[in-house]
Amino acid sequence: PCRFELVSEHLVQLDHMAEESIAFLYGINTSASLFHMNEKNIHVRDLSSVGNLSRSGFKLSQNFSLLRMSDHNNRSGKKHSSVGFRLCNATGGNCFYKTYSSGMDAILEWYRFHYMNIMSQLPVIINISDHEEQIEDMVYSCQYDGEPCRPSDYVHFHHPVFGSCYTFNSKGTDPFWTATKPGIPYGLSLILRAEQKDHIPLLSTVAGVKVMIHNHNQTPFLEHEGFDIRPGIATTIGIQQDEVNRLGGNYGKCTTNGNDVNVKLLYNNSYTLQACLHSCFQHIMVRKCGCGYYYYPLPPGAEYCNYNKQPAWGHCFYQLYNRLRNHHLNCFDQCPKPCRESLYKVSAGTAKWPSAKSQDWIRQALRHQNGYNSTSNRNDIAKVTIFYQQLNYQSVNESPLLSENLLLSSMGSQWSLWFGSSVLSVVEMFELLIDTLVLSLLFCYQRFRSKKT
Amino acid sequence: AAMAPGKKITARIKRTLPVKGPQAPTLSELMRWYCLNTNTHGCRRIVVSRGRLRRFLWILLTLSAVGLILWQCAELLMNYYSASVSVTVQFQKLPFPAVTICNINPYKYSSMKDYLSELDKETKKALETFYGFSEGKSKVRRSVDEWSSTGSDFFKQIPLLKFEDLSKTVTDLRSGQKRKIEGSVFHKDSSIVNSGDSNDIIGFQLCDANNSSECALYTFSSGVNAIQEWYKLHYMNIMAQIPLETKEKLSYSADDLLLTCFFDGLSCDKRHFTRFHHPLHGNCYTFNSGENGTILSTSTGGSEYGLQVVLYIDEADYNPFLVTSTGAKIIVHDQNEYPFIEDIGTEIETAAATSIGMHFTRSRKLSKPYSDCTETGADIPVENLYNKSYSLQICLHSCFQKAMVDSCGCAQYAQPLPAGAEYCNYNKNPNWMYCYYRLHEKFVKEQLGCQQICKDACSFKEWALTTSIAQWPSTVSEDWMLRVLSWDKGQKINKKLNKTDLANLMVFYKDLNERFISENPANTLVILLSNFGGQLGLWMSCSVVCVIEIVEVFFIDSLSIVMRRQWQKAKKWWNDRKRDQVGKSPQAGDLERQGHDNPVCIDEDLPTFNTALRLPLPQDNPLPRTPPPNYSTLRLETAFTEQLPDTLEVGQH
């Protein structure tokens, strides 16, 4: 993700804080080598509206600092130290430490926690995409079925973790995007820039591009199912479609369009299990902690958590999250699987790209056309080709082993096999039963009367 | 007119739809009436049958038919309801599989020095003679004399040979002599590849120690393969002599291999890993092996909720001849399965983040009559040498090992030891390598019979993996991360970590959809019977009872009638003959009294269906028998109002 001017000031502060805590924990002076490039890149623009917002009185909290703990109960005798940070509830009681055996994980989690707080004050109303990079900055070339893509073919959206993402063919209605033939030349081919210098070093440690292949009108959860593309590599992704149809009803819980699910979806796309789980968690979070988790969309009337307003949200969040994991929240019961699902099976091959011989002219061409300005010969461009391996798809259908009419007919067959008769003879038997009852009653009555007389 | 309209209607209803009482005045009459009029087959036979035994049999048959119906229908209903329930069991929480991680290099090269220095020296010399280059300081090419004076076994055991041409003239590397070779030549590589320069062909010779004239020659198109294979043979010999405890110490410890660990959003450490010693890959570590009884599971799909580890691959400590690639090997398997790392492991690159997304599939085949698979492996005559659940792979390996012990007298190093055997090494079994190669060739050509004995397992779990790789660490985060990780690694290693020493691995469920493929028998017994009954009922409105009826009438009864006729005839003929001899006239009326009128043959068990219907009722019946009920003849209305003579009659009986 890239940095917004709006909060860049705070991000710089956060970076400094991180740097201090790393220095405090490990005694390494990293500032010189690590963060110098950030400061060069940031020029806070004095746009009046933006300026006002950024001075809205947010300050980084010093309460959540990284600590090192050493537990001596470790039997191995070695001093086993762990790093973590402390989370308390509003009154300062009931504290617990979120600890990690590796310092790297601890720092990453700690940074993420602060990052969410900073980002949460970005107003939701602002159209974020105005402030972000254009598609030309990321996608250098796009071809589908041998023809260049049109500018109207992609949809931009903001992903809380990865920043700007682009979806090609998100509606699935344009005839331009129908797949006519299987094979690499007829697929979607992209040249992407995976620049690393704008990365926030403490937020993600991997470099590359995430690609996800999903259904039309479905919210892509890139953090769950994204496919990594390595810079400097041409990746060919072959896809194959699988369709799963579930019976529903008595045979298992599933939902056709999500209307019958108790959870109100926060994503305005079609129903998926992940979307339902996220929405369910966000609803509970707003109810219990009073604010929303930054990485999920907001329900109406709520706001994102930030520890200047809700000092205890971290405590609340991590406990709630643990309960979700342990299935103590009933989100998993409330969210059924969709009855009809398309899955894409992905298999990929890679090759080095651009090759040593061709990289000079490729870079030249890109520099000319797209304003690509990379002086070093570091790998920061990648090529992706996505194509159908086969145009037919596998469909997996559930079917009942014994349906009602099959049950009836086999019961009838059993009856006629052993007895040679039908439902009518069962009725006959009932008649016999009733007759027997009446007769025996009359007989008893007679006896009773004759005794009396 | 005086009547109320409601009463009028009821009166009318009474008139037009008169309510009559039961169909017969007494219980026994009712039962009789029912049995004679019903469509069900058995009941009628009970009433119509003559004789106690016959009636008893029919009662028994009818009752058993009722029992069968109840049983089969209950089974059908249970089937119906259980089928609708079994699908819902698949809940979204999936058990996480066991993940076994190995360094590609089995043992630390530095600590293996004591065992391998001799072998390495020899290998270097071989390389020098073959290709004229040298490693390290030994630049001077030594003479042949010095070769023999080093007095090493390695070349004596298996000489490396260089082929002059495609004929069998070879140069022995040790002595430099040219000689002709006898014996069969095996090309380990495809012969198409080495069609070019015959000078490049390198191989080694394995001879039967007891009979030195019997030799096999193994050639390779590439010297790299030849030397690696040659090295491996000696390496296995050496390793076979080292006890297991020592080997475990020589290999990597959990602290060495695992730098960070993260599972399902929580931190984990080496206590979550179980050590497992693999003969070819050294110490491997299994995450979530289920050894302490608990199997972890993930609640949601996605890379954040799976296993994330950073591995330390100490590239500098690699064995240069044994392994030529750097990284780690992982395998995703079930807790009960043995991880065959060497066969189906996935390799992981260093200086990269590898994300492995999983899809879970469970399959189940039907056993015996439907397909040739085994449930537990207990019915297969091969002893399972691995203490894990049965799989085809385990069976094949165990079978080969058994054959190896039987014919070579010692066990192959890569597989576990059977009871009472020990690993091969050429101090004790100088012959084993030749034997092994011979046996292996037989095994591949399916001459050992292992492939015939071993069967597929009926149920298996499979994780389909999708691997994607991203660059890691990114250039901006590289600096701080390497520092933090080196600090974490602790004081043991003073040097700063290099990014080529690290590999980042993520294993996670892509989604929590479990695919369950199972075979169902197309015809269970219940369904078979149902189909049978359906056909019978549809075309003949017949049942098993009616089949038995047919058998009774057409076979037993008709046969007995025919037999009796014959008997009578024979008797008559005999009597006639006797009378002729004696000269007496036959008694009058003998001829008329035949068949059913003959009092002799009216015994208890003889009537048939036809005769039963035709025959008049026995005359000596004291009471007038109730005629077969008829709807019109029954005057029940009057009988029930006052008179009730039947009760008296019943009382008399």
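Which residue does a disulfide join to Cys410(B)? In this predicted model, the partner is Cys424(B), with a distance from S to S of 1.9 Å. The torsion about the S-S bond of Cys410(B) and Cys424(B) is 95 degrees, and the link is right-handed. Both cysteines lie in the loop between α12 and α13 (432-444) of chain B, so the disulfide ties together parts that are 14 residues apart in sequence. Cys410(B) is buried, and Cys424(B) is buried as well.

This bridge belongs to a wider set, since a search of the whole structure finds 13 disulfides over all chains. Another of them is formed in chain B by Cys399(B) and Cys450(B), whose sulfur atoms are 1.9 Å apart. Here the angle about the S-S bond is -85 degrees, and the link is left-handed. Cys399(B) sits in helix α12 (residues 392-408) of chain B and Cys450(B) in helix α14 (residues 450-453) of chain B, and the pair, 51 residues apart, links distant parts of the chain. Cys399(B) and Cys450(B) are both buried.

Chain A offers a further example, in which a disulfide joins Cys254(A) to Cys339(A), with 1.9 Å from S to S. The torsion about this S-S bond is about 85 degrees, so the disulfide of Cys254(A) and Cys339(A) is right-handed. Cys254(A) is part of strand β12 (residues 254-255) of chain A, while Cys339(A) is in the loop between β13 (337-338) and β14 (340-352) of chain A, so the pair ties together parts that are 85 residues apart in sequence. Both Cys254(A) and Cys339(A) are buried.

From the disulfides the reader may turn to chain A as a whole, which has 14 helices and 16 strands. Of its 453 residues, 49% count as buried. Among the contacts in chain A with a separation of 6 or more, 69% are accounted for by residues 24 or more positions apart.

Where do buried nonpolar side chains gather? The largest nonpolar core holds 70 residues, and the members that touch the most other members are Tyr111(A), Phe281(A), Trp313(A), Trp480(B) and Leu502(B). Helix α5 (residues 103-119) of chain A supplies the largest share of this core, eleven residues. When neighbours within four places in sequence are left aside, Tyr111(A) is in contact with Leu11(A), Leu14(A), Asp15(A), Ala18(A), Ile200(A), Leu202(A) and Leu203(A). Apart from the largest core lies another, of 51 residues, and among its members are Ile380(B), Phe400(B), Tyr434(B) and Cys410(B), the last of which is also joined by a disulfide to Cys424(B).

Two members of the largest core, Phe281(A) and Trp313(A), also take part in the packing of two helices of chain A. Two packed helices are described by the angle between their axes and the distance between the axes. The axes of helix α9 (residues 273-289) of chain A and helix α10 (residues 313-325) of chain A come within 10 Å and cross at roughly 140 degrees. That angle makes α9(A) oblique to α10(A), and the crossing of α9(A) and α10(A) is right-handed. On the side of α9(A), the contact is made by Phe281(A), Ile284(A), Met285(A), Lys288(A) and Cys289(A), and on the side of α10(A) by residues including Trp313(A), Phe317(A), Leu320(A) and Tyr321(A).

The backbone deserves a look as well. Most residues other than glycine have a negative phi, and most peptide bonds are trans. In chain A, the peptide bond from Trp353(A) to Pro354(A) is cis, with omega near -10 degrees, and Pro354(A) is found in the loop between β14 and α12 (359-370) of chain A. In chain B, the peptide bond from Trp472(B) to Pro473(B) is cis, with omega near -10 degrees, and Pro473(B) has its place in the loop between β20 (459-471) and α15 (478-489) of chain B.

Each chain also has an asparagine with a positive phi. For Asn169(A), phi is near 55 degrees, and this residue is found in the loop between β7 (163-168) and β8 (188-193) of chain A. Its relative accessible area is 17%, so Asn169(A) is buried. Asn288(B) has a phi of about 60 degrees and lies in the loop between β12 (282-287) and β13 (297-298) of chain B. With a relative accessible area of 4%, Asn288(B) is buried.

Terms used: Residues are numbered from 1 along each chain as its sequence is written. Chains are lettered from A and ligands numbered from 1 in the order in which they are written. This is a predicted model: local features need pLDDT of at least 70, side-chain atom pairs count only at pLDDT 80 or more; totals for chains, interfaces and linings use all residues. Side-chain values use heavy atoms; hydrogens and water are left out. A disulfide is a pair of cysteine sulfur atoms within 2.5 Å. Helices (H or I, at least four residues) and strands (E, at least two) are DSSP runs, numbered from the N terminus. Buried means under 20% relative accessible area, exposed over 50%, partly exposed in between (1.4 Å probe, protein chains only). A nonpolar core is a set of buried Ala, Val, Leu, Ile, Met, Phe, Trp, Tyr and Cys residues joined through side-chain atoms within 4.5 Å. Contact means heavy atoms within 4.5 Å. Axes are lines fitted to C-alpha atoms, for helices over the stretch in contact, and angles run from 0 to 180 degrees between N-to-C directions. Angles under 35 degrees count as roughly parallel, over 145 as roughly antiparallel, 65 to 115 as roughly perpendicular and the rest as oblique. A crossing is left-handed if the near helix is turned anticlockwise from the far one by less than a right angle, and right-handed if clockwise.
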